[in-house]
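Colleague: Please take a close look at a single part of this structure, one residue together with the strand that holds it. I should then like a connected account of how that part relates to the rest of the chain.

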Amino acid sequence: MKKQFFLMAVLAVMIGSFLLIWESPPESFLRLETSSVEELPSADSYMKGVTSHKFSSAGSQQFRLESANAFFYDQGSMLVLESPTFKSTQVSNSASELTIIAEKGHLTNDKGTIELIGQVSADWNTVDGRSLLTAKKLTYFITDNLARADRGFKLKTPQSEVVGNSLSTDLKTGINTITSNVKAVYEPI
């Protein structure tokens, strides 16, 4: 009796397995192939290896903006940049050769403001020497040559090293406005 019950159970499992295999679609037995195509971003359009130049009305180059990747979103009319590099050869009479490098950034609708996020590094030459600004977030107003750092910064100049929470620097006049938790070391020339 036990032998017959065992044989019936084995037969029921075999018939169930056969029916399961018979009713399954053929795709379930194929090995899934991984696609070698990169997943496209959710942006409305994107570009790789972007270089953009802006020229003055006199024909001289005002600045060059480079980015590894750029993503444009129609909804917010926003251009998001990956690994952007902003270079301006003549900022004003007192400052020249401005270079800003960041992890990410975006250009505003008016195309006059660029907001940079991540490990932001900005350096420029002045009559006193080279200045280096590092920050987590930097907003640069292109037409006004004004930079603002909000989430902490470190500014090194030939005479000083300043650390604080927020900074506003006017590259035309060379005036820096520093607020909140300031620590500075000044070495006169």
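Modeller: S131 is placed in strand β8; helices (H or I, at least four residues) and strands (E, at least two) are DSSP runs, numbered from the N terminus. The model is predicted, so local features need pLDDT of at least 70 and side-chain atom pairs count only at pLDDT 80 or more, while totals for chains, interfaces and linings use all residues. Residues are numbered from 1 along each chain as its sequence is written, and side-chain values use heavy atoms, with hydrogens and water left out.

With a relative accessible area of 5%, S131 is buried; buried means under 20% relative accessible area, exposed over 50%, and partly exposed in between (1.4 Å probe, protein chains only). Residues up to four places away in sequence aside, S131 touches A122, D123, W124, T126, K156, T157 and P158. Contact here means heavy atoms within 4.5 Å. The C-alpha atoms of S131 and S160 are separated by 9.5 Å, and these two residues are 29 apart along the chain.

One of the residues touched by S131, namely D123, forms a salt bridge with R130, the closest N and O atoms being 2.5 Å apart. A salt bridge is a side-chain nitrogen of Lys or Arg within 4 Å of a carboxyl oxygen of Asp or Glu. The two partners fall into separate classes of accessibility: D123 counts as buried at 15%, whereas R130 counts as partly exposed at 44%.

Strand β8 also holds a partner of another such pair. E115 forms a salt bridge with K137, with 4.0 Å between the closest N and O atoms. This pair links distant parts of the chain, E115 lying in strand β7 and K137 in strand β8, 22 residues apart. Both E115 and K137 are buried.

The count for the model comes to five salt bridges. One of them joins the side chains of K104 and E82 (3.9 Å, N to O). That pair likewise links distant parts of the chain, with K104 in strand β6 (residues 104-107) and E82 in strand β3, 22 residues apart. Relative accessibility is 42% for K104, which counts as partly exposed, and E82 is partly exposed at 25%.

Strand β8 also takes part in the nonpolar interior. The largest nonpolar core has 28 residues, of which F86, I100, I114, L133, L138, Y140 and F153 touch the most other members. β2 (61-73), β3 (78-82), β5 (95-101), β7 (113-126), β8 (129-141), β9 (146-149) and β10 (153-156) each supply at least two residues of this core. The most, five residues, come from β7. Such a core is a set of buried Ala, Val, Leu, Ile, Met, Phe, Trp, Tyr and Cys residues joined through side-chain atoms within 4.5 Å. In soluble globular proteins, nonpolar side chains tend to be buried together.

Within this core, F86 deserves separate mention. Residues up to four places away in sequence aside, F86 touches F63, R64, L65, L98, T99, I100, Y140 and I142. F63, F86 and Y140 also form one aromatic cluster, and a search of the whole structure finds three aromatic pairs. Rings of Phe, Tyr and Trp (its six-membered ring) pair if their centres lie within 6.5 Å; planes under 30 degrees apart count as stacked, over 60 as edge-to-face and the rest as tilted.

After β8, the loop between β8 and β9 contains N145. Phi of N145 is near 50°, a positive value in a residue other than glycine, and N145 is buried, with a relative accessible area of 9%. S83, in the loop between β3 and β4 (85-90), also has a positive phi, of about 50°, although S83 is not a glycine. Unlike N145, which is buried, S83 is partly exposed at 43%. Most residues other than glycine have a negative phi.

For the wider setting, the protein chain has one helix and 14 strands. Of its 189 residues, 32% are buried. Among contacts with a separation of 6 or more, residues 24 or more positions apart account for 33%.
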